[in-house]
Amino acid sequence: MSKRIWHHPEVPADETTVAWRSAGQLEDTPEFRQWLEREFPQGAAEMTDETEAETSRRSFLKLMGASTALAGFGMAACRRPEKHLVPYSQAPEWVIPGKATYYASAMPRPHGVTPLVVTSFEGRPTKVAPNRLHPDAEGTDAFAQASILDLYSPSRSKAILGSGKPAKRSDLEKALAEIAKNKFAKIGFLFGADDSPTRNRLRGELKKFTNARFYQYEALIGEAAKALGDGVKLIPDFSKADRIVSLDCDFVGTDLVGPVQGFFERRKPEGKGYANAPDETTMNRLYCVEAAYTLTGGMADHRLRIAASQVVKIAAQIARRLASPELVKDLEVLKDDHQIKWVQGLVADLEANRGKSIVLAGSRQPAAVHHLALAINLALGNIGEGKPLTAVTTGNTGLGTISDLKAAIDAKEIDTLVLLTPSNPLYDAPADLDFATSFKKLKTSIHLGQRTDATAHAATWHIPAAHYLESWSDARSTSGIHTVVQPMILPLYDDCVSELELLLALLSDEGKLINGESEEGAPSPAYTAVRETFAAIADGEAAWKNLLREGFHAGSKYEPAAPKLAGTVSADIAAAVVAEPTKDSLEVIFATDSSVYDGRWIDNGWLQESPDPISKLSWDNAALIAPKTAKALGIYDEIIATENKRALGSPDGEGENRKSPLIKVKVNGKTLEIAALISFGQAENTIVIPLGYGQGYNEENQLGINPINASHVGLVGVNRGFNAYPLRTAKTPYLATGATASLLKKRAYPVALVQEHGSMYGRALAREISTIESKDHKGDFQAQLAKVKYQGNDSHAPKNIYLYKPEDRDGQPLINDLLHQWGMSIDLSSCMGCNACLVACQAENNIPIVGKEQVAKGREMHWIRMDRYFATQEYALDSHGNKIKDEKTGEYQKNPEWVRDNPAFVPQPVACVHCESAPCEVVCPVNATVHTPDGLNSMAYNRCIGTRYCANNCPYKARRCNCFDYNKRNPLIAHNLNKGPLGETKVGDAPHLQRNPNVTVRMRGVMEKCTYCVQRLKDAVIRQKRGQKQEALIAGKPSTEMEVTTATLRIPVDSVKTACQDACPAEAITFGNLLDKEKSALGRSKEIARNYDLLNYIGTRPRTSYLARVKNPNKDMPDAPYVGKATVHMV
Amino acid sequence: MANIFPRWTNLLPLKIAVCAGTAAGGAALALAYYATPKAQVVGYQPAQPIPFSHKIHVDQLGLDCRYCHSFVDVAGHSNVPGNNTCWNCHQHVQRESPKLQPLRDRMDATLKHPDFGKPIEWVRVHKAPDYVYFNHSAHVNRGISCQSCHGDVDQMEVVYQAESHSMGWCLECHRAPENHLRPLEEVYNFNYDAETYISNNPQLGVKTTEELGLKLKEQFNVKPKEACATCHH
């Protein structure tokens, strides 16, 4: 039942880029072909599962007959049900039923804070968006977008636990009172890495406990402090940086250092808002040295693939040339010719851009790399006022580490510990520290957390933490701007306590715990404390009101610091020397996970279901191995083969039967059995294992192990992946050397990989150009720009003819709105492929999660599909851009291996592109998908009968089918979806509260897809109409004399944002009214040379267009000729 | 005389009577259950917890719609007033009325009623399905009166649904808004009469009500949409 296959014209000779999504496709197996040509992944359209097979056609007819017969008896639907309107008893001020209110708040993060604007409907927060007024506005990432779900999560901790069992609040209060009264308590406080001024002020007051000690712990915070000094950090201003060097620092992804908007603005040759003529000299250049692909590596103009332990050598080589050779005399010089040339080119570029560059060391890297990065930055004069880097001292000084804490417990200097860190030390502390043993020695441990995780169960007391949208607090942003954390709602559960409330309870004389609402009339104690802190910065009611309105206090900054090279530099550098990994002594890299971070988000369904940006794996983690290493270890064939052979039930090599082989990784004397995946662009002899998974398993686990720690996680987090924390040591917590890996025969683990779901095919899907002429006949930057529109089939396909008439019977245009014509453009030059838009869309549009099993079958509901391609220059080219044939062998000459093993990473988000000539519309038998006069391809859900013809006919594969009632029946409960009306419908008491009231919650059998956030558009248009009336009435004229023109009814330029556009930290998505023309950023983006339509040659006239990616390589680099050519063809 | 009717027919009249009776009774019950105003769309008129009379408040006392439905012109929803809106007046007037006892129970702390502070649960009369996003403010600010959709509410002792509110009914007006457009000043005026308005405003230069509608349509630049996404998203 495969679909008609598009027969593409011959590929022109100058298209030499080889692109692929997965190892299976690269190997080009017949199974992959079949997969590609299907409308839906195998199984997505059928009931193949044993449990599903219960409903055969026969039994279905029987049931239908019975229901029709029974329908006559009830006729309940004929009678109107009695519904009630329940207004407020005392209507609160500012609340208008049905209208959202927006408040400034902020989400505390390890690197500072993410300033937010929170949408709230009748006091119910439903969505977060970045606060663009904030000087440190940084957009939002997937974590910030998904944080709202945690507030309503059914698996959220709701009740107090005493030694892991439900306990009475009165007993906890007694325990707190006892501590509060004991001035000589040997008490320790363990904080997170965020910087809250009020908490730091209270820290001073907590010295009432004369023996109090303070520590800071987050699992993945890194060792930068060793190089920079206590509490000192370097904050980058990317807008001032012409050259950026990332030494394994994923600063646009999980290794946040501060706002990155400046970086992305300078990835667009036309500048912010496409205001200028394209000028490559305004672009920045990013060099990235890393072991495995990160989002930053994907953005890099030049990327060097090297084992994580060897990054120090590259740093040393740069320092040798730019800073001081004396510093790195102990480190061996580079031997690899390619690496030497690479560093030479980089050093020359940095020297030419003194004082205008940034060298960043990744948090995973040992202190030595941080020392070297600081030395290079100092030598280049990059640090200081008006320079790209500023050094500051944060408020988090004088805090001990977790090793100090352990020592203090062992030395009996502490017998009471208050844990406020968002990390989970009993699960994620380095294994050799054996923190659990020391933890048991504590007399009292009080854990405050949102999850009942390992630490919560081990502690003598666990207190459920209030969500940041439920508590008063404050925080300092990257550059130290005082930012308020404002609650949107009282804690949903009575016992939820915020960090400040707990500290204030301990500070009070009686130790009385007051949380949420205080007694009648009195404000919450945390509110009073936050206000008191702010009063020291700016006094008066007006300043406070302003803080609440804007979310920040302008002019409050961190004190500058003057970092010097620390005394420990040579010792740290000596310690960082590690032999290069080999096949028998592999390197294990412990990576921050982009779905669960350090494990704290394991119970967040949106994050779990959003596929990893690089591996495209959802719901699990897996060991990632470079193809060559996998071949050397003898597991490559096994991985490719299992994608097909073991999946006999579904010949695609995908779907629910897709499994990855398990491998056994031995390192640091520990072993881990984990599923393995092939990862492209990764350094050889390394294994990347994302952390944070495997926190608890129940009977349903697919590994066949005994249930363990199931109570530590909720429905989402249970049975998720593999726990790599036990492999970590305190000495090198982010990488381990000397590992071995072997295949476990006949053991495999089902994986939900989405990389081939909705595979589009066509030529020049994602287009890329380079700013330099690289001797292959493509010309210089301007010439390449001019050719963007003519890449792929568009170079020779005949001009499009409209398949369907754009007019009605009377010859009037069908798309005829003179006020608004909506359109979008997606800039691949600044899109990095993170999942922020995808999760924001999920929050805005009530998109359900479907669970691992359903994702594996290709039934995920995300309206935005984040495609990820790898592309490489396989063949050597002559000066005309043609392949060179070897006379003797008759084969084409290939490029060196270092080119082929380092493919470009090309992300491309695809949602419905709102074709003006939409193929889906003409095949709908019930007119459920039709065009609106303002150019939207709209979906009337109530009309849809679920034939899925539209999805079949969509060349962009942008449509999704609700195969089950995902919104109503929780797909995470085993077999729940197949139980029909008998299934569990109510899980938890709050998840429905997150729903956007302005978007229909779709049911089973309904197609859905991106609507351009039509609810937001409608709201904006109606608001504009209303405003026009108010103006006329103020003018005092009768309405019959009012002048209402197109201009008065058209919404102001760029005044409406879609959810994805709003969330994007890279400003890659531009949306607006096409009729605003060049006045709007959208209008300008449509006019520039980089703009092209996806699959233009099939004549759909999409409203969403793409802007080609521009790479800005350095022509003196050895890899320059291969950069900027990753135009993706999928044929 | 031979028996024309066999013996078994003796009970037939009784059987027929019983069957007919059951059928008639069933029909009567069904009619009562499904076809009375309580069960209808047009004419649905449920009893309310407090028998609030729009006739008294609007027609006799002259209250504007927006005194109670205060957000109708700024929000999609037309809100139903909270207890405090009623209490503004009724803590002073009609203090003894037994009909208002539920309100006093909820608002008068001195009564110490268990319902104190709770809202009144009004029975919903006008209900658009969940997948319809009707916006009040988009209509009342563009010259469509409350009356066009809700009927003569000012004359209703007990509110009932006056129009069908079906999609076809909506589209009827979206295709020909001139039949319902009013000057913005008259949107909340239930005594509006287009002909009187024309004779009072000769400067408009229109003679018939149709002309007035068409003039307003052009004046306000009203181009109602018929696309699905206008109401369904």
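This is a short tour of a predicted model, with stops at a chain interface and at a barrel.

**Stop 1: where chains A and B meet**

Start by showing chain A and chain B in two colours. Between them, 42 residues of chain A are in contact with 46 residues of chain B. Now look at the chain A side of this meeting place. Which elements give it two or more residues? Select residues 84–85 and then 1014–1035 of chain A: these are strand S2 and helix H30. Keep H30(A) highlighted for a moment, since this helix supplies the largest share of the side that touches chain B, namely six residues. Try colouring the chain A side by residue kind as well: you will find 20 nonpolar residues, 14 polar ones and eight charged ones.

**Stop 2: a strand pair across the chains**

Next, select S2(A) together with residues 122–123 of chain B, which form strand S1 of that chain. Do these two strands run parallel or antiparallel? They pair in the antiparallel sense, over two bridges. Zoom in on A:Leu85, and opposite this residue you will meet B:Trp122, in S1(B).

**Stop 3: the barrel in chain A**

Now hide chain B and follow the strands S23-S28-S25-S27-S26-S29 of chain A, in that order. Together these six strands make a closed barrel with mixed pairing. On average, neighbouring strands here are turned by 45° against each other, ignoring direction.

**Stop 4: two strands of the barrel**

Finally, select residues 659–667 and 670–678 of chain A, which are S26 and S27. These strands run antiparallel and are joined by six bridges. For one pair to click on, choose A:Lys664: the bridge partner of this residue is A:Glu673, in S27(A).

Note on methods. Residues numbered from 1 in each chain as written. Chains lettered and ligands numbered in written order. Predicted model: local features only at pLDDT ≥ 70, side-chain atom pairs only at ≥ 80, totals over all residues. Contact = placed C-beta atoms within 7 Å. Helix = DSSP H or I, 4+ residues; strand = E, 2+ residues; numbered from the N terminus. Nonpolar A, V, L, I, M, F, W, Y, C, P; charged D, E, K, R; others polar. Pairing = 2+ DSSP bridges. Axes fitted to C-alpha atoms, helices over the stretch in contact; angles between N-to-C directions.
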